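Here is a short tour of one protein model, written for someone just starting out with structures. Keep the picture open while you read, and look for each part as it comes up.

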Amino acid sequence: MVVIVALVFVSFALATVPPKDFKYRISTEGIMVEDRFFLWKELYDFYFKKVDGVETVHVRTQAYLPGELILTLGSVEKNEVKKALIPYLSFREYVKPTFMEKSGDWLSKNFPLENK
């Protein structure tokens with residue numbers, strides 16, 4: 001019973017609290033996210049994905065943690081970001097979804113948090 005209440009609380013908290021806007025910067029030496037800098041040699045490849053109607057670029061890291069940087073594009077053009085990253089990282093047109101991504105998509109489709 002406690003586990004169910006905890007899961008309901010976490011899903012409610014995640015659904016009602018808006019995410020913080022982070023500042024990203026792509027330079028010739030790497031990618032800066034807020035105060036953390038990732039050198040190009042620490043990064044693996046990148047791909048684009050639409051998440052909840054928002055276009056994002058996913059940059060996979062060599063290290064297990066964080067594993068992936070997810071940067072929202074906002075008003076920046078997708079081709080502009082692609083042009084900036086191509087000289088340093090490999091571009092993937094398609095990345096096979098993991099078991100966790102498939103499970104999350106199935107859960108959000110069958111048990112939506114918002115009323116439509």
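## Two hairpins side by side

Strands S5 and S6 run antiparallel to each other, paired over 5 bridges. Keep in mind that you are looking at a predicted model. These two strands make a hairpin with 6 residues between them, and Gly67 in that turn has a positive phi of about 85°. If you want one facing pair to find on screen, try Thr56, which stands opposite Thr72 in S6.

S5 has another antiparallel partner in strand S4 (residues 43-51), and 8 bridges join the two. S4 and S5 form a hairpin as well, with 2 residues between them. In this turn it is Asp52 that has a positive phi, about 55°. Along the pair, Phe48 stands opposite Val57 in S5, and Asp45 stands opposite Arg60 in S5.

## The whole sheet

Now zoom out a little. Which order do the strands take in the open sheet? Its 4 strands are arranged S6-S5-S4-S7, and the pairing is mixed. S6 and strand S7 (90-91) stand at the edges with a single partner strand each, so one side of each has no neighbour in the sheet. Helix H2 (residues 78-85) packs on this sheet, where it touches S4, S5 and S7. The direction of H2 makes about 175° with that of S4.

As background, strands of a sheet pair through backbone hydrogen bonds, either parallel or antiparallel.

## A buried aspartate

Back to Asp45, which sits in strand S4. Is Asp45 buried or exposed? Asp45 counts as buried because its relative accessible area is 0%, and the cut-off for buried is under 20%.

What does the side chain of Asp45 do in there? One polar contact, of 2.7 Å, joins it to the side chain of Arg60. Another, of 2.8 Å, joins it to the side chain of Arg92. Setting aside residues up to four places away in sequence, Asp45 touches His58, Val59, Arg60, Leu89, Ser90 and Arg92.

## Aromatic rings

How many aromatic pairs are there? The count comes to 5. Phe46 and Phe48 make an edge-to-face pair, with 5.9 Å from centre to centre and 90° between the planes. Both Phe46 and Phe48 are buried. Ring pairs also tie Phe46, Phe48 and Phe91 together into a cluster.

Trp106 and Phe111 form an edge-to-face pair too, at 6.0 Å centre to centre and 75° between the planes. Trp106 counts as partly exposed because its relative accessibility is 48%. Phe111 counts as exposed because its value is 55%, and the exposed class begins over 50%.

## The nonpolar core

In soluble globular proteins, nonpolar side chains tend to be buried together. Here, the largest nonpolar core has 15 residues. The ones that touch the most other members are Ile31, Leu43, Phe46, Val57, Val59 and Leu85. S2, S4, S5, S6 and H2 each supply at least two residues of this core, and the largest share, 3 residues, comes from S4.

Val57 is a nice one to click on. Leaving out its neighbours within four places in sequence, Val57 is in contact with Phe46, Tyr47, Phe48, Leu69, Ile70, Leu71, Leu73, Val81 and Leu85.

## Backbone oddities

Most residues other than glycine have a negative phi, and most peptide bonds are trans. With that in mind, have a look at two spots in the loops.

The first spot is Glu34, in the loop between strand S2 (30-33) and strand S3 (36-39). Glu34 isn't a glycine, but its phi is positive, near 55°. Glu34 counts as partly exposed because its relative accessibility is 32%.

The other spot is Pro66, in the loop between strand S5 (54-61) and strand S6 (68-72). What kind of peptide bond joins Leu65 and Pro66? That bond is cis, with omega at about 5°. Pro66 is in the loop between the strands of the S5 and S6 hairpin, where you can also find Gly67 with its positive phi.

Key
Residues are numbered from 1 along each chain as its sequence is written. This is a predicted model: local features need pLDDT of at least 70, side-chain atom pairs count only at pLDDT 80 or more; totals for chains, interfaces and linings use all residues. Side-chain values use heavy atoms; hydrogens and water are left out. Buried means under 20% relative accessible area, exposed over 50%, partly exposed in between (1.4 Å probe, protein chains only). Two strands pair if DSSP finds at least two bridges between them. Contact means heavy atoms within 4.5 Å. Axes are lines fitted to C-alpha atoms, for helices over the stretch in contact, and angles run from 0 to 180 degrees between N-to-C directions. A polar contact is a pair of N or O atoms within 3.5 Å; within protein, one must be able to donate a hydrogen and the other to accept it, and residues adjacent in sequence count only if both atoms are side-chain atoms. Rings of Phe, Tyr and Trp (its six-membered ring) pair if their centres lie within 6.5 Å; planes under 30 degrees apart count as stacked, over 60 as edge-to-face and the rest as tilted. A nonpolar core is a set of buried Ala, Val, Leu, Ile, Met, Phe, Trp, Tyr and Cys residues joined through side-chain atoms within 4.5 Å.
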